[in-house]
Amino acid sequence: SKYEFHKNFKEFKFIPETYLIYNNINEVINKIDKINNFNEIYLLKKDCVEFSKGIYLIKNKKDLLKNVINDKRYVLQKIIPNPKLINNCKFDIRFYIIFTYDSNSYKLYLYYEGFIRKSNLNYSINFNNIVINSNNNNEYIVLDKKNNFYNIIINQVIHILKKSLNKINNILFNENHLKGYHLLGCDFILDNNDKLWFLEMNHYPTLYNNPNRKKNDQDLINIILVEIIEPLLENKKINSPKLFEII
């Protein structure tokens, strides 16, 4: 649920300015008017929708009013005005976390291998450029862990995930859980000041949707099979050089 995600995380400084909409559209408009007279660009996201569907570019009050339906939940998020670009193209960053659980406990692991999803369009204020995943011709670049760019990102990713996920650990864990795991995709964007922003968490991340990522996606599946599932079944400690224990 995008709505519940931002309900828990919206006060953190690494979350873009966000408003929750549920039968309170006029109240939200008044708040935005007081802050910036609605002079910023926003994305409106339907709740519980994946694969970049149910997202609308909002440039003014009229755009917002025509796309909001009563008794439906939405997240309204201001776009980062100064995104870092690669060859004048916008990009976002994906990392995976693995949530493991049994009847007594749970843990969250960050998979160290991440990738960049780069638009093939020169950056401008339009839907297909801002919502990168709406394009089928994006370039996928596996992050090089030897590059200083990776160090800038990974330290912030760990800080963000530790701080945010520790806040909701009582929500994640349920003592009635059987033994198992779940894969989650975390999306970030970097601005021109190299600050990383946490955009959202996807509960059904897509694998194998680009040939450039095939090997890395297969490596992730192997990690899950050999270094997650087998230890869980055998009641052994999970220990992998490619996983960082967040919680």
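Strand β7 holds Lys 118, a residue that serves here as the entry point to a predicted model. Lys 118 has a relative accessible area of 9% and is therefore buried, since buried means under 20% relative accessible area. Leaving aside neighbours within four places in sequence, the residues in contact with Lys 118 are Ile 86, Cys 89, Lys 90, Phe 91, Ile 132, Asn 138 and Glu 139.

One of those contacts, Cys 89, is itself buried, with a relative accessible area of 6%, and Cys 186 likewise counts as buried, at 0% relative accessibility. A disulfide is a covalent bond between the sulfur atoms of two cysteines. A search of the whole structure for such bonds finds zero disulfides.

From the cysteines the path leads to the nonpolar interior. The largest nonpolar core has 33 residues, and those with the most contacts inside it are Ile 93, Phe 95, Ile 97, Leu 110, Leu 161, Phe 188 and Phe 198. Two or more residues of this core come from each of α1, β6 (89-101), β7, α5 (148-167), β9 (180-190) and β10 (196-202), and the greatest contribution is that of α5, with nine residues. Ile 93 shows how these parts meet: not counting residues up to four places away in sequence, Ile 93 touches Phe 115, Ile 116, Leu 143, Ile 153, Cys 186, Asp 187, Phe 188, Leu 190 and Leu 196. Apart from the largest core lies another, of 15 residues, which includes Tyr 109, Phe 115, Leu 183 and Ile 223.

Helix α1, one of the contributors to the largest core, spans residues 2-9 and is largely enclosed by the rest of the structure, because six of its eight residues are buried. The buried residues in α1 are Lys 2, Tyr 3, Phe 5, His 6, Asn 8 and Phe 9.

The interior also contains an empty space. When the whole structure is searched, one cavity of 30 Å³ or more is found, and the volume of the largest cavity is about 60 Å³. Its lining is formed by Tyr 96, Tyr 111, Glu 113, Gly 114, Phe 115, Val 142, Asn 216, Asp 217 and Leu 220. The elements that give two or more residues to this lining are β7 (106-122) and α7 (214-233), with the largest share, four residues, coming from β7. Sorted by class, the lining of the largest cavity has five nonpolar, two polar and two charged residues.

Some of these lining residues reappear around Leu 207, whose place is in the loop between β10 and α7. Not counting residues up to four places away in sequence, Leu 207 touches Tyr 96, Leu 183, Arg 213, Asp 217, Leu 220 and Ile 221, and among the residues that line the largest cavity are Tyr 96, Asp 217 and Leu 220. Leu 207 and Lys 163 are 44 residues apart along the chain, and their C-alpha atoms are separated by 27 Å.

Two loop residues complete the tour. In the loop between α2 (25-36) and β2 (42-46) lies Asn 37, which has a positive phi of about 55 degrees although it is not a glycine, and which counts as exposed at 55% relative accessibility. Asp 71, in the loop between α3 (61-67) and β4 (74-78), also is not a glycine and has a positive phi, of about 65 degrees, and with a relative accessible area of 56% Asp 71 is exposed.

Notes:
Residues are numbered from 1 along each chain as its sequence is written. This is a predicted model: local features need pLDDT of at least 70, side-chain atom pairs count only at pLDDT 80 or more; totals for chains, interfaces and linings use all residues. Side-chain values use heavy atoms; hydrogens and water are left out. Buried means under 20% relative accessible area, exposed over 50%, partly exposed in between (1.4 Å probe, protein chains only). On a 1 Å grid over the protein atoms alone, a cavity is a set of points where a 1.4 Å probe fits but cannot get out, and a pocket is an open set with protein on both sides within 12 Å along at least five of seven lines; lining residues have an atom within 4 Å of a point. Grid points are joined across faces, edges and corners, and a volume is the space filled by probe spheres set on the points. Ala, Val, Leu, Ile, Met, Phe, Trp, Tyr, Cys and Pro count as nonpolar, Asp, Glu, Lys and Arg as charged, and the others, Gly among them, as polar. Contact means heavy atoms within 4.5 Å. A disulfide is a pair of cysteine sulfur atoms within 2.5 Å. A nonpolar core is a set of buried Ala, Val, Leu, Ile, Met, Phe, Trp, Tyr and Cys residues joined through side-chain atoms within 4.5 Å.
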